[in-house]
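Hi,

Here is the structure I said I would pass on. Have a look at it, and then read on for what turned up.

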Amino acid sequence: MISQNPKLTARNSRFYLAGMQACQAEAKEASLPNVRDRALRAAVAWREMYQKALQFEQRLSQ
């Protein structure tokens, strides 16, 4: 059973969502193109992990 307000850990999707949002914010604020590109690549990786975590959570709740 998944609680309504789970702790922010690597075992729930909110952890990955927070990482993705942090990278997106870093990319938005970056003045150097290589820093922006790195942050955007990292955000894509975080998004993939977020989506996998969501799928896992959905399977657990069934």
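A quick word on naming before the details: helices here are DSSP runs of at least four residues, numbered from the N terminus. Please also keep in mind that this is a predicted model.

**The overall picture**

The protein chain has 2 helices and 0 strands. Of its 62 residues, 21% count as buried. The accessible surface adds up to about 5,000 Å², and carbon and sulfur atoms account for 54% of that. If you take the contacts between residues at least 6 apart in sequence, 43% of them join residues at least 24 apart.

**Helix H1**

H1 covers residues 13-29, and Asn12 sits in the segment before it. Asn12 is worth a click. With a relative accessible area of 7%, Asn12 counts as buried, because the cut-off for that is under 20%. At the start of H1, a side-chain oxygen of Asn12 comes to within 3.1 Å of the backbone nitrogen of Arg14.

Now for the length of H1. Its 17 residues should span 24 Å at 1.5 Å a residue, and the end C-alpha atoms are 25 Å apart, so the two agree.

Which residues of H1 are buried? They are Ser13, Tyr16, Gly19, Met20, Cys23 and Ala27. These residues cover an arc of only 125° around the axis, which means they lie on the same side of H1. Lys28 and Glu29, on the other side of H1, are exposed. As for what covers the buried residues of H1, that includes H2.

**Helix H2**

H2 runs over residues 33-61. With 29 residues, H2 reaches 42 Å from its first C-alpha to its last, close to the 42 Å expected at 1.5 Å a residue. The buried residues in H2 are Ala39, Ala43, Tyr50, Ala53 and Glu57. They pack against H1.

**Where the two helices meet**

I picked out a few pairs that you can find quickly in the viewer.

- Leu40 is in helix H2, and its C-alpha is 6.0 Å from that of Ala27, with the two positions 13 residues apart along the chain. Leu40 has a relative accessible area of 41%, so it is partly exposed. Ala27, on the other hand, is among the buried residues of H1.
- Met49, also placed in H2, has its C-alpha 8.1 Å from the C-alpha of Ser13, and the pair is 36 residues apart along the chain. Met49 counts as partly exposed because its relative accessibility is 34%. Ser13 is one of the buried residues of H1.
- Ala18 belongs to helix H1. Its C-alpha and that of Tyr50 are separated by 9.2 Å, for two residues 32 apart along the chain. Ala18 is partly exposed, at a relative accessible area of 32%, while Tyr50 is one of the buried residues of H2.

**The salt bridge**

How many salt bridges does the structure hold? There is 1. Glu26 forms it with Arg38, and the closest N and O atoms are 2.4 Å apart. The pair links distant parts of the chain, since Glu26 is in helix H1 and Arg38 in helix H2, 12 residues apart. As background, side chains of opposite charge can pair when their charged atoms come close.

Are the two partners buried, exposed or partly exposed? Glu26 has a relative accessible area of 30%, so it counts as partly exposed. Arg38 is partly exposed as well, with a relative accessible area of 41%.

**If you only have a minute**

Start with the buried residues of H2, which pack against H1. Then find Glu26 and Arg38, the salt-bridge pair, and finish at Asn12, whose side chain reaches the backbone nitrogen of Arg14 at 3.1 Å.

Cheers

Definitions and conventions. Residues numbered from 1 in each chain as written. Predicted model: local features only at pLDDT ≥ 70, side-chain atom pairs only at ≥ 80, totals over all residues. Heavy atoms only, no water. Buried < 20%, exposed > 50% of the residue type's maximum accessible area, 1.4 Å probe, protein only. Polar contact = N/O pair within 3.5 Å; in protein donor to acceptor, adjacent residues only side chain to side chain. Contact = heavy atoms within 4.5 Å. Areas by Shrake-Rupley, 256 points an atom, 1.4 Å probe, with all protein chains shown as cover. Expected span 1.5 Å × (residues − 1). Arc of directions from axis to C-beta. Salt bridge = Lys/Arg side-chain N within 4 Å of Asp/Glu carboxyl O.
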